[in-house]
Structure formats: C-alpha cells, structure tokens
Amino acid sequence: MVRRIDVSGASGIRLAAWEFADPPKTDPGRGGADRGGAGAARAGGGEQAPGVLLLHGLMGRASHWASTARWLAERHRAVALDQRGHGQSAKPPETEYTRGAYVEDAEAALEELGLAPAVLIGHAMGALTAWQLAARRPDLVRGLVICDMRASALGAASQREWEEWFKSWPVPFATLADVRKWFGEDDPWVERPNTSRGEFYAEVMVEHEDGWRPVFEPEQMLKSRETWVYDAHWEELAQVRCPTLVVRGLDGELGRAESQEMVRVLPDGRYAEVVDAGHLVHYDQPEAWRAAVEPFLDEVLR
C-alpha cells in the first residue's frame, strides 16, 4: 500500500511524502503507532527498518518511483518525496526555487519522518539535491545513489534550449493518449519512439476544463533549473563521504567519461550502467535498474 504523509519543508512549505509499505505497527509499550510510521520495524523483529528517501528529477513526481519503492519496501522504509513545485506539494512563487530550498526540504523530510541515517536515491535534479545534502549533513546520510545527473555545468545554451522546448508543447492535450504520443513519438527531442517516456509525462498531467496540462508551472521548472545549470558541482561531490553509486543509462544524458570521473572524485564511489536505457533509467529498464542498485544497498547495510 502507499500512504501520504504531509511534512514541513524549508520556511514551513507543505510537502507531500509517500510511504510505500504496510501501515506502521502499534507498539504496545508506547500505546500507539509512531507518528508518520517512524517506528516501522523489520519483519520478525523490533529493529527499525533502514530508511530510504527517493528524490525525483525536474518535472517528476514521487509516483515515478513506485516500482522502485515497492521492492525497496520489502526490506527498507521507503519514502518518496514530491519536491516543491512538483506533484502534490505546494507550489510557491518562483523566487523560492533555490538550490538551498530544495536541499533544506529534503533535510527536513529526513528528520521529520525519522528516516535518518538514510540512503538517498536521486534521479537527475533529485540526485544533485541528494549529494548536496550528503555533503552538508553527513550525519543524515548512510549511502547515496546518483542516477543520470551530471556534475559539469550545462551552460546558457542548454537553458535556452529548455525554454524553447517548453514553448513547443502543444498544450492543452485533448487526451492522455495524445500526451503519450507526443512525448513518446512526436516530440523533436525524441530520437526514436519511446513508450516509457510517453508514460512518464502522462503521469505529470492533470485534467482541466480545456484538456490536459502539466501539474507543474513550466516557469517554475525553468527557475529551478536556472539555479544549478550554470554551475559545476564537483566540489560538493568531493565532499560526499558515504558510499555512493553512480548509475547511468547507456543512452542517457550522463556520459561514460564524466560518470567515471565522478566516481574517481567521490571518496567512496562505485559505477554502474544500464543498457537499453536513456535518461529515465529507472523507468526505461526497472529490472536492470534494480539489479544495479540492490547489491549496493546490501553492501551499505552490511
């Protein structure tokens, strides 16, 4: 089952977190269930299950982690966070989409949900948030998985491309089938038909009177991206002390040379790649993604 837990992020912003697990067990010695499930225990014992916080990428939402969270929940306390401006979390003014705010939100979620020390699993922008938090608060993070996020600066040209790309979206979409077709086939950024990409974007659409539109504001997404796209993040990466796995899709945005340099810079880094996967590694190839990540988690927990 999945259940929603509201948490307070930076400056008290309301964030929606989603826990993929059975309801928390009642502890007879305490007279009730722990708030937010923080006392969820391993099956057959009283020890608290190790926490995992899943952070989606730009434009994503917590539900994109559903398949990952379900297998994680067999042995971990798995929580996925709708980050500010995304999913069912609050969407503050554009001025509040700073790197610091995203990191503070994740920090607050870990502490409020009682997950720490946790493994952080992040995709794209969520991976950057994860490693910035790991560098800032090593006491909260026992392990880190970075999925298809570059440490190098992308620059002004990249931001302009994104601005033009958002303008090209034929919104509103008449049906979800139209959403799937455009993002999976017709989008100029699609090199070949990609069903999982169409499904990924269908999941971030909401129905309005005139058709289907994104659940987020494109201007806020551009503002979020603007806060990290012009800078390199190698220095913060080098400050991450916990075991870290860098995962790339063979056809993703993170190249092999850069990913291996990231592993070299990390004090305790490892590398994995998933064939037949693009940027949406965990969505494109969920079984291969699990095969890459699960042994690392086993190692961290040992």
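This tour moves through a predicted model, from an annotated span to salt bridges, a loop residue and a cavity.

**The annotated span**

Begin by selecting residues 52–285, which UniProt lists, in an unreviewed entry, as "domain: AB hydrolase-1". Helix makes up 42% of this span and strand 18%. The C-alpha atoms at its two ends lie 20 Å apart.

**Salt bridges between strands**

The model holds 26 salt bridges under the criterion applied. Select Arg-3 and Glu-19 next; their closest N and O atoms are 3.2 Å apart, and the two residues form a salt bridge. Arg-3 belongs to strand S1 (residues 2–8) and Glu-19 to strand S2 (residues 14–20), so this pair ties together parts that are 16 residues apart in sequence. Glu-19 has a relative accessibility of 2% and therefore counts as buried, the limit being under 20%.

Proceed to Arg-248 and Glu-273, whose side chains meet in a salt bridge with an N to O distance of 3.1 Å. Because Arg-248 lies in strand S11 (residues 244–249) and Glu-273 in strand S12 (residues 269–274), the pair ties together parts 25 residues apart in sequence. Are these two partners buried or partly exposed? Arg-248 is buried, at 6% relative accessibility, whereas Glu-273 is partly exposed, with a relative accessible area of 30%.

**A salt-bridge network**

Now select Glu-104, Glu-107, Glu-111, Arg-136, Arg-137 and Asp-139, which are joined into one network by salt bridges that share partners. Within this selection, display the side chains of Arg-137 and Asp-139, which form a salt bridge at 2.7 Å, N to O. Asp-139 is partly exposed, with a relative accessible area of 48%.

**A buried loop residue**

Centre the view on Phe-173, in the loop between helix H4 (155–168) and helix H5 (176–186). Phe-173 counts as buried, at 3% relative accessibility. Beyond its neighbours within four places in sequence, Phe-173 is in contact with Asp-178, Val-179, Trp-182, Phe-183, Met-205, Gly-211 and Trp-212. Add Arg-213 to the view: its C-alpha atom is separated from that of Phe-173 by 6.7 Å, although the two residues are 40 residues apart along the chain.

**The cavity**

Which residues line the largest cavity? Select Trp-71, Leu-72, Glu-74, Arg-75, His-76, Glu-294 and Asp-298 to display its lining. The volume is about 30 Å³, and the count of cavities of 30 Å³ or more is one. Helix H1 (66–72) and helix H11 (286–301) each contribute at least two lining residues. By class, the lining comprises two nonpolar, one polar and four charged residues.

Notes: Residues are numbered from 1 along each chain as its sequence is written. This is a predicted model: local features need pLDDT of at least 70, side-chain atom pairs count only at pLDDT 80 or more; totals for chains, interfaces and linings use all residues. Side-chain values use heavy atoms; hydrogens and water are left out. On a 1 Å grid over the protein atoms alone, a cavity is a set of points where a 1.4 Å probe fits but cannot get out, and a pocket is an open set with protein on both sides within 12 Å along at least five of seven lines; lining residues have an atom within 4 Å of a point. Grid points are joined across faces, edges and corners, and a volume is the space filled by probe spheres set on the points. Helices (H or I, at least four residues) and strands (E, at least two) are DSSP runs, numbered from the N terminus. Ala, Val, Leu, Ile, Met, Phe, Trp, Tyr, Cys and Pro count as nonpolar, Asp, Glu, Lys and Arg as charged, and the others, Gly among them, as polar. Buried means under 20% relative accessible area, exposed over 50%, partly exposed in between (1.4 Å probe, protein chains only). Contact means heavy atoms within 4.5 Å. UniProt positions are given in the numbering used here, feature names are shortened, and annotations may be inferred rather than shown by experiment. A salt bridge is a side-chain nitrogen of Lys or Arg within 4 Å of a carboxyl oxygen of Asp or Glu.
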